Amino acid sequence: MAKQKVIVVGAGPVGSLAALYAANRGHKVKIYELRSDLRDPSTTPLNFTKSINLALSERGINAIRHAGSKSLIDHVMMSTIPMCGRMIHGKHPSGELYEESQLYDVHGRDIYAADRAELNKALLDILEKMPNVKFYFNHKLTGADFKRKVAWFEVQNSEKSSGKSSAGRPKEVEVGFDFMLGADGAHSSVRYHLMKYTRMDYQQEYIDTLWCEFQIGPNRRRKSESIFERFLISPNHLHIWPGKQFMFIAIPSEDGSFTCTLFMPSANYVYLEADTSKLPSFFDHYFPGVTSLIPPKELIASFETNPHLPLINIKCKPYHFSDSVVILGDAAHAMVPFYGQGMNAGLEDVRTLFALLDKHEATEESNDPANPAPADPSVQRSAALAEYSAVRAPDAHAINDLALQNYTEMRASVLSPAYRVRKALEEWLSVYVPRLGWQTKYSRVSFSNERYSEIVAKSEHQGKVLTRVLQVLFWSPLVLGVVGYRYWRYPGQPSMLRNLLGYVGGLGRGFRG
Ligand code: FAD
């Protein structure tokens with residue numbers, strides 16, 4: 001394909017990876033980012049706290065793997081910590097504290113704790129070395145004409161970058177492009193302008209939960225070199241204190257600390273904000289053991305200093321207009337963080353999009369060998385973007401819904417016997433009857449690249465089959481007893497047996513469906 005002028009808006013993890021994919025295809029890439037360079041220590045991190053730790057899993061790793069830089073994936077994975085499961089923390093009625101490890105995967109696969117800022121920095125470092133990539137930090141997208149392919153950016157931080165017009169107003173620059181990739185996060189400006197050009201369905205929802213960040217410090221009592229001894233609790237788990245209506249989680253960091261998040265309805269925040277001295281006893285009641293890991297003073301200080309931030313769920317479609325623009329990552333599908341998939345899905349967007357761009361480029365060029373005229377890149381890109389919106393929207397919507405449902409699972413269901421029975425049965429089938437292709441929903445989401453929408457369909461089917469099998473196991477002794485009794489009392493009347501066989505036949509069809 002002819003080399004194009006590609007603009008990426010947003011240098012977060014998704015925008016940076018998209019820029020790398022575009023640059024590796026030889027396009028001229030310009031990256032516009034609202035904030036200053038996050039590698040500059042004076043830059044305020046996103047969300048105004050220490051950089052958040054997140055769970056990186058197969059989809060994100062696979063997208064990075066396909067970026068065309070072996071050193072990148074090695075570098076990213078080297079600074080991650082494998083997490084083999086959830087560690088559930090609680091208290092027995094006797095008052096004794098307990099920890100219970102629930103493995104994520106019966107086949108031993110892990111997800112990885114990663115520092116979002118470090119991952120982002122690694123991508124920026126690689127991009128910076130590429131001759132066809134240019135950064136424009138402190139540039140805020142303020143407008144776009146997707147028919148004429150022109151965008152406007154306001155130059156921010158005027159003192160540093162002398163981005164003021166002579167009248168003292170922020171300077172605005174006009175930039176032409178062939179193709180814009182909008183990865184400017186949940187409150188995307190690209191999405192806002194795109195809505196004026198396409199009939200976009202749009203739905204946003206704030207859930208009644210706020211989040212606040214805390215820290216469990218490293219183990220300072222032991223001066224050992226052993227990685228395990230640097231941590232106060234297991235470094236290879238995602239720790240959960242399920243509080244039914246609330247949840248406190250902890251994800252390990254390389255330095256031995258844990259980044260923790262309190263998820264709680266807004267009314268409880270209001271209650272605790274009114275008198276923060278209640279915080280330690282609140283934690284002792286709902287999250288037993290935390291105050292021995294975070295001293296009460298620090299707990300209160302973090303609660304008072306760190307922001308209490310909302311959680312948004314956004315669904316929209318389509319994601320593109322003509323051949324000129326497409327939105328990716330949180331800009332297209334911000335989701336609540338309870339499946340640990342927001343960034344993973346965003347990175348997967350990039351891989352999916354470029355696979356389609358490559359496919360359409362190859363198809364259009366090889367379709368007509370008799371015609372020597374070069375294929376029109378805008379026609380190819382239009383077709384690729386249309387297919388991208390059609391394919392990706394059902395998947396993004398599926399993971400948005402799963403993420404919402406998983407909040408209930410993490411804060412409450414992990415304690416329920418029904419949840420544990422289903423998990424154990426599905427894992428048993430996955431190990432002992434592999435030809436059935438049976439897997440837990442969590443495994444399919446976190447350890448495969450299967451489409452999210454297909455995972456939902458498969459998981460629903462598995463659920464129905466399991467329910468029927470359990471029904472049969474429950475009812476069959478009773479039914480056989482009644483049938484036996486009827487045979488014994490009224491020999492020669494086989495109608496009940498026929499009915500039973502009919503029912504079992506129906507089940508057989510359910511299994512194959
Ligand atoms: P962002 O990271 O939001 O980046 C957007 C960039 O665009 C920013 O740098 C911003 O400054 C820039 N920008 C914004 N507006 C403009 C503009 N007008 N002009 C120019 N630039 C602009 N995901 C996971 O996969 N696993 C997890 O475990 C996980 N945990 C999470 C925990 C919490 C508490 C939260 C809140 C999120 C979590 N996520 C997780 C989600 C993950 O953080 C996001 O999905 C991911 O950061 C999205 O990346 P992005 O590049 O699309 O957007």
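The paragraphs below lead through this structure from its overall make-up to its domains, its ligand shell, its core and a few of its strands.

The model is a predicted one. Its secondary structure amounts to 16 helices and 19 strands, and of the 513 residues in the protein, 37% are buried. When the contacts with a separation of 6 or more are considered, 71% of them join residues that are 24 or more positions apart.

The domain assignment divides the protein into domain 1, made of the segments 5-82, 115-203 and 316-410, and domain 2, which covers 417-512. Between these domains, 12 residues of domain 1 are in contact with 10 residues of domain 2. On the side of domain 1 that touches domain 2, the elements that give two or more residues are α2 (58-65) and α12 (377-411), and α12 provides the largest share, six residues. Sorted by class, this side of domain 1 holds five nonpolar, three polar and four charged residues.

The ligand is surrounded by 33 residues, of which G10, G12, G185, G329 and G342 come nearest. Four elements, α1 (13-24), β3 (53-56), β9 (139-145) and α11 (342-367), each supply at least two residues of the shell around the ligand, with α11 giving the largest share, four residues. By class, the residues of this shell divide into 15 nonpolar, 12 polar and six charged.

The largest nonpolar core contains 113 residues, and those that touch the most other members are V8, L17, A18, A19, L328 and V350. This core lies between domain 1 and domain 2, because both of them give residues to it. L328 can serve as a way into the core: leaving aside its neighbours within four places in sequence, L328 is in contact with V14, A18, L181, G182, A183, G346, D349, V350 and L353.

From the core we can turn to the sheets. Strands of a sheet pair through backbone hydrogen bonds, either parallel or antiparallel. One open sheet has six strands in the order β8-β2-β1-β12-β19-β18, and its pairing is mixed. The strands β8 (133-136) and β18 (320-321) stand at the edges of this sheet, and because each has a single partner strand, one side of each is left without a neighbour in the sheet. At one of these edges, β18 pairs with β19 (residues 325-327) in the antiparallel sense over two bridges, and F321 has V325 in β19 as its bridge partner.

Another strand worth following is β15 (residues 247-252), whose six residues are, six of six, buried, so this strand is largely enclosed by the rest of the structure. Both of its faces are covered, with M247, I249 and I251 buried on one side and F248, A250 and P252 buried on the other. β15 pairs in the antiparallel sense with β14 (residues 237-242) over four bridges, and within this pairing I240 has I249 of β15 as its bridge partner. The hairpin of β14 and β15 has four residues between the strands, and there K244 takes a positive phi near 65 degrees. β15 also pairs with β16 (residues 258-264), again in the antiparallel sense, over six bridges, and the bridge partner of A250 in β16 is C260. These two strands, β15 and β16, form a hairpin with five residues between them, in whose turn G256 has a positive phi of about 95 degrees.

Finally, two residues show how positions that are far along the chain are brought together. Is M83, found in strand β4 (residues 81-83), buried or exposed? M83 is buried, because 24 other C-beta atoms lie within 10 Å, where 20 or more are required. Although M83 and H237 are 154 residues apart along the chain, their C-alpha atoms are separated by 4.6 Å. Neighbours within four places in sequence aside, the contacts of M83 are A55, D110, I111, Y112, A113, N236, H237 and L238. Y206, for its part, is found in strand β13 (residues 201-216), and Y206 is exposed, because 12 other C-beta atoms lie within 10 Å, and 12 or fewer count as exposed. The C-alpha atoms of Y206 and P310 are separated by 7.0 Å, with these positions 104 residues apart along the chain taken as their distance apart. Outside its neighbours within four places in sequence, Y206 is in contact with P310, L311 and I312.

Key. Residues are numbered from 1 along each chain as its sequence is written. This is a predicted model: local features need pLDDT of at least 70, side-chain atom pairs count only at pLDDT 80 or more; totals for chains, interfaces and linings use all residues. Domain bounds come from an automatic or database domain assignment. Two residues are in contact if their C-beta atoms, placed from the backbone, lie within 7 Å. Ala, Val, Leu, Ile, Met, Phe, Trp, Tyr, Cys and Pro count as nonpolar, Asp, Glu, Lys and Arg as charged, and the others, Gly among them, as polar. A residue is near a molecule or strand if its C-beta atom, placed from the backbone, lies within 6 Å of it. A nonpolar core is a set of buried Ala, Val, Leu, Ile, Met, Phe, Trp, Tyr and Cys residues joined through C-beta atoms within 7 Å. Two strands pair if DSSP finds at least two bridges between them.
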